[in-house]
Structures are given as C-alpha cells and as structure tokens.
Amino acid sequence: MTDMTDTLASALVPDFRKAMRRLAATVTLITTVDPTGRRHGMVATAVNSVTMDPPTLLICVNRTASLHAPLIERGRFCISVLMPAHHELVGHFSGQKAGEDRFAFGDWRVDDTSGLPYLHGAQCNLFCRLASVTAVGTHSVIIAAVEAVQVQDDVMPLIYANGGLHAIGDTVS
Ligand SMILES: Cc1cc2nc3c(=O)[nH]c(=O)nc-3n(C[C@H](O)[C@H](O)[C@H](O)COP(=O)(O)O)c2cc1C
C-alpha cells in the first residue's frame, strides 16, 4: 500500500472494530500437540467453512500466538466448537493461562487416529489437516482439509458478539 492508502485504511480501524463487534461468531478452541507431547490451544472465532465437498475450512491465527508455530509444524489441529457451559474456558484459552495450564479444565481427550487433543462434549470436533498458509497482515489464513468430525445432537453453540459471550436467542423464522 502507498502511504495515502495506509492512512485511509488506518482511519477505518475504529469503525471496522465496531462493525466486527456486530458480526456475531461461534466460539471455538483450536488445539494441537507438539513432538514432545505438549498441548497448545487458543480461542478462535475466525473459523469458516470454505467448501462442503471436499470438506474444507479456514482459520485465521495471529502469527504471535503461542499456537501458531506448533500448529504449522504439526500440520494438524482440532477445532472444538464450544457450548455455553464451556464459557469459563474462553478466558483460560485467550491469555489468562498459558501452555499446558490451559488444559487443566474441561474433559480433554486424545483422538486415537490423529493423536490430537480435543474437548469431549463440545458441540462438535473437527479434525483437520493443514492444506495451505497465506500471510495476511498480522495473521496466517490457514486452509485445512477436514479429516474427521464428531457431532453432539444438541445444537447450542457459544456465541461472541459485542465483546461478550451469549447463547443463541429466539428463533425468528
Ligand atoms: C472471543 C475471542 C475470539 C478470538 N479469535 C481469535 C482468532 O480467530 N484468531 C486469533 O489469532 N486470535 C483470536 N483470539 C485471540 C487469542 O485467543 C489470544 O490472543 C490467545 O491468547 C492466543 O495467544 P497466546 O496463546 O499467545 O496467549 C480470540 C480471542 C477471543 C477472546
């Protein structure tokens, strides 16, 4: 970008931040494990489906996040979609705790096939293999193939909107 477009983009940041507070998103925990067996994880709402066939999704991970390097190195990760009952994990996995201490709460198990840590009892667990990484500003946009899925029958995801955590409200149609 030129200096002028830089300035224009910077001027947009406060309004963009306000707009994003209105873009409600489902809260997830992304987890992986390193070669020494240490688990790594963080809260993420930047998770979206890309294609149904083949099952493909994308995540955006800040390159400064402790999860970033082990996730890229392992090339595999799990996304556990949270329910309202898991709200206390959000603080732990977004800075209140670090490293293995983040896994002190919740029913964490190891997937037999991938060896990945996953939150048992989450809305769903998506076991993914990294397909591509694109740097965009501070983040890596990671495209991944979904290799296995576990789903809970109840549909009750934890939602992040306007800086707070919510359960889904009234059905409108
Ligand atoms: C609701 C919520 C959603 C978040 N979504 C993302 C995300 O999609 N990508 C990301 O890189 N960080 C996201 N974060 C920030 C990371 O969870 C946070 O920076 C975390 O502490 C990772 O950094 P660390 O492991 O180095 O402490 C989110 C935080 C919260 C509270």
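A salt bridge is a side-chain nitrogen of Lys or Arg within 4 Å of a carboxyl oxygen of Asp or Glu, and the structure holds four of them. The model is predicted, so that local features need pLDDT of at least 70 and side-chain atom pairs count only at pLDDT 80 or more, while totals for chains, interfaces and linings use all residues. Residues are numbered from 1 along each chain as its sequence is written, and side-chain values use heavy atoms, with hydrogens and water left out.

**Exercise 1.** Find which residues are linked with Glu147 in a network of salt bridges.

*Solution.* Begin with glutamate 147 and arginine 76, whose side chains form a salt bridge of 3.2 Å from N to O. Glutamate 147 lies in strand β10 and arginine 76 in strand β6, so this pair ties together parts that are 71 residues apart in sequence. (Strands are DSSP runs of E with at least two residues, helices are runs of H or I with at least four, and both are numbered from the N terminus.) Next, glutamate 147 also meets arginine 129 in a salt bridge, at 2.7 Å from N to O, and the partner arginine 129 belongs to strand β9, 18 residues apart from glutamate 147. The network therefore consists of Arg76, Arg129 and Glu147.

**Exercise 2.** Decide whether arginine 76 and glutamate 147 are buried or partly exposed.

*Solution.* Recall the cut-offs: buried means under 20% relative accessible area, exposed means over 50%, and partly exposed lies in between, with a 1.4 Å probe and protein chains only. Arginine 76, with a relative accessible area of 19%, is buried, whereas glutamate 147, at 42%, counts as partly exposed.

**Exercise 3.** Describe the geometry of the aromatic pair of phenylalanine 93 and phenylalanine 103, and locate both residues.

*Solution.* Rings of Phe, Tyr and Trp (its six-membered ring) pair if their centres lie within 6.5 Å, and planes under 30 degrees apart count as stacked, over 60 as edge-to-face and the rest as tilted. Here the centres are 5.1 Å apart and the planes stand at 80 degrees, an edge-to-face pair. Phenylalanine 93 sits in helix α3 (residues 87-96), and phenylalanine 103, 10 residues apart, in the loop between α3 and β7 (108-110). Both residues are buried, and ring pairs link Phe93, Phe103 and Trp108 into a cluster.

**Exercise 4.** Locate the kink in α1.

*Solution.* Helix α1 covers residues 3-21. Its kink, of about 40 degrees, lies at valine 13, shortly before proline 14; the bend is the angle between axes fitted to the seven residues ending at a residue and the seven starting there.

Notes:
Expected span 1.5 Å × (residues − 1).
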